[in-house]
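Okay, thanks for squeezing me in, everyone. Let me put the structure up and we'll walk through a few strands and then one residue.

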Amino acid sequence: MSIYVGNLSYQVEQDDLRRVFEEYGTVKSVQLPVDRETGRVRGFAFIEMGTEAEETAAIEALDSAEWMGRNLKVNKAKPKENRGSSGGGGGGGGRGGWNNDRGGDRG
């Protein structure tokens, strides 16, 4: 399981996150997604801690905490949703699995 960290400053770096979360235990990994087109940090990250207890401690301590001028949103990461409408395939060009025949329910 991993931790979702949202509402991050766009100036944050992986080492910054690692240092903060190491106060609560062993940090196994830090994923800080960047926008493909701009190369800019997307404002969220995923942190994997050594144990469930360490994750819980970090979440309890850091959720809603102010850091780098922003109030963090920290919780257990939810499993990635499968947005495809049918099994198999594996292609789709990375467009999120939307079908053109969905009747305009994209919002």
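So, look at Ile-3 first: its bridge partner in strand 3 is Ile-47. Just keep in mind that this is a predicted model. A bit further along, Val-5 has Ala-45 as its bridge partner, again in strand 3. Those pairs sit in a bigger pattern: strand 1, residues 3–6, runs antiparallel to strand 3, residues 44–49, and four bridges join them.

Now, what else does strand 1 pair with? That would be strand 6, residues 73–76, in the antiparallel sense and over four bridges. If you want a spot to click on there, Gly-6 stands opposite Lys-73 in strand 6.

Back to strand 3 for a second. Strand 2, residues 27–31, is joined to strand 3 by four bridges, and these two run antiparallel as well. Here the pair to find is Ser-29, which stands opposite Glu-48 of strand 3.

Okay, leaving the strands. The residue I'd like you to zoom in on is Asp-16, which lies in helix 1, residues 14–22. Is Asp-16 buried or exposed? Its relative accessibility is 18%, and the cut-off for buried is under 20%, so Asp-16 counts as buried.

And what does the side chain of Asp-16 reach? The backbone nitrogen of Glu-13, at 2.9 Å. Setting aside the neighbours within four places in sequence, Asp-16 is also in contact with Gln-11, Trp-67 and Met-68.

That's my tour, so let's take questions.

Definitions and conventions:
Residues are numbered from 1 along each chain as its sequence is written. This is a predicted model: local features need pLDDT of at least 70, side-chain atom pairs count only at pLDDT 80 or more; totals for chains, interfaces and linings use all residues. Side-chain values use heavy atoms; hydrogens and water are left out. Two strands pair if DSSP finds at least two bridges between them. Buried means under 20% relative accessible area, exposed over 50%, partly exposed in between (1.4 Å probe, protein chains only). A polar contact is a pair of N or O atoms within 3.5 Å; within protein, one must be able to donate a hydrogen and the other to accept it, and residues adjacent in sequence count only if both atoms are side-chain atoms. Contact means heavy atoms within 4.5 Å.
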